[in-house]
Amino acid sequence: MNKNVKRALIILGFVLLLVPLGLLTDAPAWGEWDNDFYQKTLGFVPKGIAQAKEFIHPLLPDYSLPGTNDVVGYYISAIIGSVLIFGIFYLIGKTIAKKHDNN
């Protein structure tokens with residue numbers, strides 16, 4: 001395993017250890033605001049955001065999985081999301097590195 005990949009996996013593991021911090025607050029996570037938040041903060045709901053609700057259907061709504069308690073579902077959601085994001089960026093990095101090596 002590449003040294004940089006090992007570092008990235010260590011950082012990813014550390015970030016996953018921090019997941020419970022998100023359970024300590026009632027405030028929504030950055031960027032995960034609902035229309036009520038916009039209405040309260042801005043005084044209106046931007047039109048595009050109001051319309052986006054019709055088209056966006058999260059895979060794991062409210063970070064929960066049917067049949068699990070909230071904490072377990074939250075952790076599983078965090079792991080799935082982290083692995084997906086890590087995998088996407090890993091593949092992008094490999095593709096860029098491969099193109100760089102060919103030049």
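How far apart should the ends of helix α1 be, with its 15 residues at 1.5 Å a residue? Hello everyone, let's start there. The expected span for α1, which covers residues 3-17, is 21 Å. The C-alpha atoms at the two ends of α1 are 21 Å apart, so expectation and model agree. And please keep in mind as we go that this is a predicted model.

Let's stay with α1 for a moment. At the start of this helix, N2 has a side-chain oxygen that comes to within 2.7 Å of the backbone nitrogen of N4. Now, which residues of α1 are buried? They are V5, L12 and L16. If you look down the axis of α1, those buried residues fall within an arc of 40°, so they line one face of the helix. What do they pack against? The partner is α4, the helix made of residues 70-102. Turn α1 around, and the face pointing away from the buried side carries exposed residues: K3, N4, I10, I11, F14 and L17.

That packing brings us to the core. The largest nonpolar core has five residues in all, namely L12, L16, V19, Y74 and A78. Helices α1 and α4 each supply at least two residues of this core. V19 is a nice one to click on: leaving aside residues up to four places away in sequence, V19 touches Y74, Y75 and A78.

Next, let's walk along α4, beginning with S77, which is found in this helix. Is S77 buried or exposed? Its relative accessibility is 8%, and because buried means under 20%, S77 counts as buried. The side chain of S77 reaches the backbone oxygen of G73 at 2.8 Å. Not counting residues up to four places away in sequence, S77 also touches L60, Y63 and S64.

Further along, T95 is found in α4 too. With a relative accessibility of 41%, T95 counts as partly exposed. The side chain of T95 reaches a backbone oxygen at 2.8 Å, that of L91. And how far is T95 from L42 in space? Going from C-alpha to C-alpha, the two are 41 Å apart, while in sequence they are 53 residues apart.

To finish, let's visit some aromatic rings. How many aromatic pairs does a search of the whole structure find? There are five. I'd like to show you two of them. In the pair of W33 and F37, the ring centres are 5.3 Å apart and the planes lie at 10°, so this pair is stacked. F37 also forms a pair with Y38, and that one is edge-to-face, with 6.3 Å from centre to centre and 75° between the planes. Together, W33, F37 and Y38 form one aromatic cluster.

How accessible are the members of this cluster? W33 is partly exposed, with a relative accessible area of 24%. F37 counts as partly exposed as well, at 28% relative accessibility. Y38, on the other hand, is buried, with a relative accessible area of 13%.

So, if you open the model after the meeting, try three stops. Look at the buried face of α1 where it packs against α4, then at S77 and its contacts with L60, Y63 and S64, and then at the cluster of W33, F37 and Y38. Thanks for listening!

Terms used. Residues are numbered from 1 along each chain as its sequence is written. This is a predicted model: local features need pLDDT of at least 70, side-chain atom pairs count only at pLDDT 80 or more; totals for chains, interfaces and linings use all residues. Side-chain values use heavy atoms; hydrogens and water are left out. Helices (H or I, at least four residues) and strands (E, at least two) are DSSP runs, numbered from the N terminus. The expected span of a helix is 1.5 Å times one less than its number of residues. Buried means under 20% relative accessible area, exposed over 50%, partly exposed in between (1.4 Å probe, protein chains only). The arc is that of the directions from the helix axis to the C-beta atoms. Contact means heavy atoms within 4.5 Å. A polar contact is a pair of N or O atoms within 3.5 Å; within protein, one must be able to donate a hydrogen and the other to accept it, and residues adjacent in sequence count only if both atoms are side-chain atoms. A nonpolar core is a set of buried Ala, Val, Leu, Ile, Met, Phe, Trp, Tyr and Cys residues joined through side-chain atoms within 4.5 Å. Rings of Phe, Tyr and Trp (its six-membered ring) pair if their centres lie within 6.5 Å; planes under 30 degrees apart count as stacked, over 60 as edge-to-face and the rest as tilted.
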